[in-house]
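This report walks through one protein chain. It takes up strand pairing, helix packing, cores and voids in turn.

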Amino acid sequence: LETPFAQAGAKQFGYKSAYIKSDPINVELLKYLGVDAVCLANNHMFDFGYESYELTKKILSDNGIDYFGTENKDLKLNIQNNKIAFSGYCCFSTNPVNATKKGVNPFDYKSVKDKLKEDKSLEYASILSIHAGQEHVNFPNYDHIEIAKKLSSIHQYVYFGHHPHVLQGAEKYNNALFAY
């Protein structure tokens, strides 16, 4: 969910070139589509400040849509004895506002490494939602490739990226799957 829900007249927050928001009524579209979980780790979640961020969490919760990727929150599911953990992170290269413990989860090696170790110890398959990469560039950043590969030595996982608005390729490495 790359946009926060915001009321009409909400004020822009931070210093960015683009601010995006969604009318709260659009939660109905998510429900119609059967969306039951979203990642909030992205560079637009605080475009209209804390009030819209809190409104977004409330609207999602009130409508039975779970979320992850902020405030160290992940989503652990057990579906027919298949344990899956979803975690979300936002890279500083995307210019997020409030990538902190009280905001979107920052994409840093130590945080992700610790999360993968926890998932492995609890026997969860890990799926990482990563908001990273250069917009409109068809290749992932070299440092993103390196960190993805380094993390694969800790636990097998799926890396699914978003932010560039174009496909950046996919690869399998060390029994991990990366879709940048």
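## The S3–S4 hairpin

S3 and S4 form a hairpin with 2 residues between them. In the turn, Gln80 has a positive phi of about 50°. Helices (H or I, at least four residues) and strands (E, at least two) are DSSP runs, numbered from the N terminus. The model is predicted: local features need pLDDT of at least 70, side-chain atom pairs count only at pLDDT 80 or more, and totals for chains, interfaces and linings use all residues. Residues are numbered from 1 along each chain as its sequence is written, and side-chain values use heavy atoms, with hydrogens and water left out.

S3 covers residues 75-79 and S4 covers residues 82-90. The two run antiparallel, joined by 5 bridges. Two strands pair if DSSP finds at least two bridges between them. Leu75 stands opposite Phe86 in S4. S4 also pairs with S5 (residues 125-131), through 7 bridges. Here the strands run parallel. Ile84 has Ala125 in S5 as its bridge partner.

## Strands S6, S7 and S8

S7 and S8 form another hairpin, with 2 residues between them. Asn174 in that turn has a positive phi of about 55°. The strands run antiparallel and share 4 bridges. Tyr173 stands opposite Ala176 in S8. S8 also pairs with S6, in parallel, by 3 bridges. Val158 stands opposite Leu177 in that pairing.

In a regular strand the side chains alternate between the two faces of the sheet. S8 shows such alternation. Ala176 and Phe178 point to one face and are buried. Leu177 and Ala179 point to the other and are not. Buried means under 20% relative accessible area, exposed over 50%, and partly exposed in between (1.4 Å probe, protein chains only).

Where does Leu177 fall on this scale of relative accessible area? At 44%, Leu177 is partly exposed. Leu177 touches Tyr157, Val158, Tyr159 and Glu171, not counting residues up to four places away in sequence. Contact means heavy atoms within 4.5 Å. Leu177 and Tyr157 are 20 residues apart in sequence, but 6.5 Å apart in space, C-alpha to C-alpha.

## Helix H4

H4 spans residues 142-151. Its buried residues are His144, Ile145, Ile147, Ala148 and Leu151. An α-helix has 3.6 residues a turn, so residues three or four places apart point the same way. The cover over the buried residues of H4 includes helix H3 (109-121) and strands S6 (157-162), S7 (170-173) and S8 (176-179).

## Nonpolar cores

In soluble globular proteins, nonpolar side chains tend to be buried together. A nonpolar core is here a set of buried Ala, Val, Leu, Ile, Met, Phe, Trp, Tyr and Cys residues joined through side-chain atoms within 4.5 Å. The largest has 19 residues. Those with the most contacts inside it are Phe5, Val38, Leu40, Met45, Phe46, Leu60 and Ile65. Elements giving two or more residues to this core are H1, S1 (37-39), H2 (49-62) and S2 (66-68). H2 supplies the largest share, 3 residues. A second, separate core of 18 residues includes Phe107, Leu116, Ala132 and Tyr180.

Met45 touches Leu1, Thr3, Pro4, Leu40, Tyr53, Thr56 and Val104, not counting residues up to four places away in sequence. Ser22 lies in the segment before H1 (27-32). Its relative accessible area is 11%, so Ser22 is buried. With the same sequence limit, Ser22 touches Thr3, Pro4, Phe5 and Ala6.

## Pocket and cavity

Both voids are found on a 1 Å grid over the protein atoms alone. A cavity is a set of points where a 1.4 Å probe fits but cannot get out; a pocket is an open set with protein on both sides within 12 Å along at least five of seven lines; lining residues have an atom within 4 Å of a point. Grid points are joined across faces, edges and corners, and a volume is the space filled by probe spheres set on the points.

The largest pocket has a volume of about 150 Å³. Its lining is Glu2, Lys16, Ser17, Ala18, Ile20, Asn43, His44, Thr94, Asn95, Glu135, His163 and His165. By class, that gives 2 nonpolar, 7 polar and 3 charged residues. Ala, Val, Leu, Ile, Met, Phe, Trp, Tyr, Cys and Pro count as nonpolar, Asp, Glu, Lys and Arg as charged, and the others, Gly among them, as polar.

The count comes to 1 cavity of 30 Å³ or more. The largest cavity holds about 30 Å³ of space. Ala132, Gly133, Pro140, Asn141, His144, Tyr159, Gln168 and Tyr180 line it. This lining has 4 nonpolar, 4 polar and no charged residues.
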